[in-house]
Amino acid sequence: MSENPSSQLPERVDVLIVGAGAAGLMCAATAGNRGRSVLVLDHANKVGKKILMSGGGRCNFTNLYTAPENFYSENPHFCKSALARFTQWDFIALVEKHGIPYHEKTLGQLFCDNKSKDIVDLLLAECRAAKAQIRTRCSIRNIEPLEKGFIVDTSLGPVFCESLVIATGGLSIPTMGATGFGYDVARQFGLNIIPTRAALVPFTQHRRQLERQGELPGSALEVTASCGEGSFSEQMLFTHRGLSGPAVLQISSHWREGQAVSFDLAPGRDLAEWLRERREQNPDSHLHSALAEIWSKKLVQYFLQRQGVESRALKQYGEKALAGIGQKLQTWQLLPAGTEGYRTAEVTLGGVDTDEISSRTMECKAQSGLYFIGEVLDVTGWLGGYNFQWAWASGHAAGEVA
Ligand code: FDA
């Protein structure tokens, strides 16, 4: 295996993979293990950049509970075959084979104990064992389909390949090397693209709203965020630009411009009922002290102020007043100004229309020998290791046949 940018490219290979990210490297190792000669090309200066930055530097490499329901796609059935044939357990077995220490953080999310680089090293070791070659700093200029195979013109010279695999990912984080290359290739071959948009992305808020939130950036709380058909109970974080945290990232995949998002700020309890109980137990306690059992002092102050609720001894509120206060404080309807966009989004929703692709092999139905894998396809996972599991599974599916 070579990552040497200056060494000459082979004139012909069985499988040429564009994109040395999660899906591309998995595909390379799988195809190489079948005895296919494999070359992976990437325009970036190093491989697996998104893996390196993922999971806060510890790569949330899969999820114990991965199931087709955790993915968005125009065709929700498309992901089933690949996910069933290379499961989370298969990837965990690889992680264990390489002696990488890991742990479950929450909700089935598996993270490296040490660093994301362990996962890149695993993939490079697998590629090395499978004799797959890798070249970085190499861009693709042109793809010409032949009767059988393709001539790919690159900045390091032309290569003939029998199978061409596009694994160039989505549009998120352009500074990390993301491009729309995969969509351009799809268009070249007349494939449909499901419109793309940034997902798993923080919300921005209007300036006036941010000013009202004043000192809140850095404060977090458990919420249930709902929009359209989506509903997620996880943490929400106030930031200097708006809202983030897992609940917000998750619900951003359901949100469309102009829609409101509703938050249950005390999930799992009926706040009015809870306040009633507190009043019985401790009638002299003030509303703000009672609420400080659930939220930080800053949040209590902000929520009371926002709803114009004055904090008095609990015994001073009648039944109706307490029910009203509970209801007002528990629910929050927010109209986000927008999202932070591809600059900080973890993934891209939409992509190459899966109607154009075989769900078993990832091969393009209209162009024999052309494959699309990973995030470039219209398959997008929830937050929590699902997107990498899709990259592994789709990369493996193509690697078994390309
Ligand atoms: P990926 O983006 O990994 O690889 C594409 C490759 O193609 C890159 O190496 C790129 O340089 C190359 N490329 C692009 N254009 C090219 C061109 N024109 N010519 C040549 N090469 C080109 N998911 C998850 O499951 N758990 C997690 O913890 C995280 N965390 C996370 C954090 C952050 C900050 C981001 C941005 C994303 C995540 N994700 C995640 C999502 C996950 O990183 C993503 O879904 C996968 O990396 C997608 O794998 P792919 O191989 O499809 O694309």
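Helix α4 (residues 88-97) packs against helix α5 (residues 117-129) at an angle of about 90 degrees, and their axes lie 10 Å apart; here axes are lines fitted to C-alpha atoms, for helices over the stretch in contact, and angles run from 0 to 180 degrees between N-to-C directions. Because angles of 65 to 115 degrees count as roughly perpendicular, α4 is roughly perpendicular to α5. Helices (H or I, at least four residues) and strands (E, at least two) are DSSP runs numbered from the N terminus. This is a predicted model, in which local features need pLDDT of at least 70 and side-chain atom pairs count only at pLDDT 80 or more, while totals for chains, interfaces and linings use all residues. Residues are numbered from 1 along each chain as its sequence is written, and side-chain values use heavy atoms, with hydrogens and water left out.

Where the two helices meet, F91, L94, V95 and K97 of α4 are in contact (heavy atoms within 4.5 Å) with I119, L122 and E126 of α5. I119 also belongs to the largest nonpolar core, which has 82 residues, and is listed with L164, V352, M362, F372, W390 and W392 as touching the most other members. Such a core is a set of buried Ala, Val, Leu, Ile, Met, Phe, Trp, Tyr and Cys residues joined through side-chain atoms within 4.5 Å, where buried means under 20% relative accessible area, exposed over 50%, and partly exposed in between (1.4 Å probe, protein chains only). Leaving aside neighbours within four places in sequence, F372 has contacts that include I166, V352, M362 and L377. A second, separate core has 45 residues, among them W255, A266, L287 and L291.

M362 deserves another look, since its phi is positive, about 70 degrees, although M362 is not a glycine. This residue lies in the loop between β19 (347-352) and β20 (370-372), and with 0% relative accessibility M362 counts as buried. L107, in the loop between β5 (102-104) and β6 (109-112), likewise is not a glycine and has a positive phi, near 50 degrees, but L107 is partly exposed, with a relative accessible area of 47%.

Turn finally to helix α12 (residues 319-330), in which L322, I325, G326, L329 and Q330 are buried. Seen down the axis of α12, these buried residues fall within an arc of 120 degrees, so they line one face of the helix; the arc is that of the directions from the helix axis to the C-beta atoms. The face turned away from the buried side of α12 carries the exposed residues K320 and Q327.

Note on methods. Angles under 35 degrees count as roughly parallel, over 145 as roughly antiparallel, 65 to 115 as roughly perpendicular and the rest as oblique.
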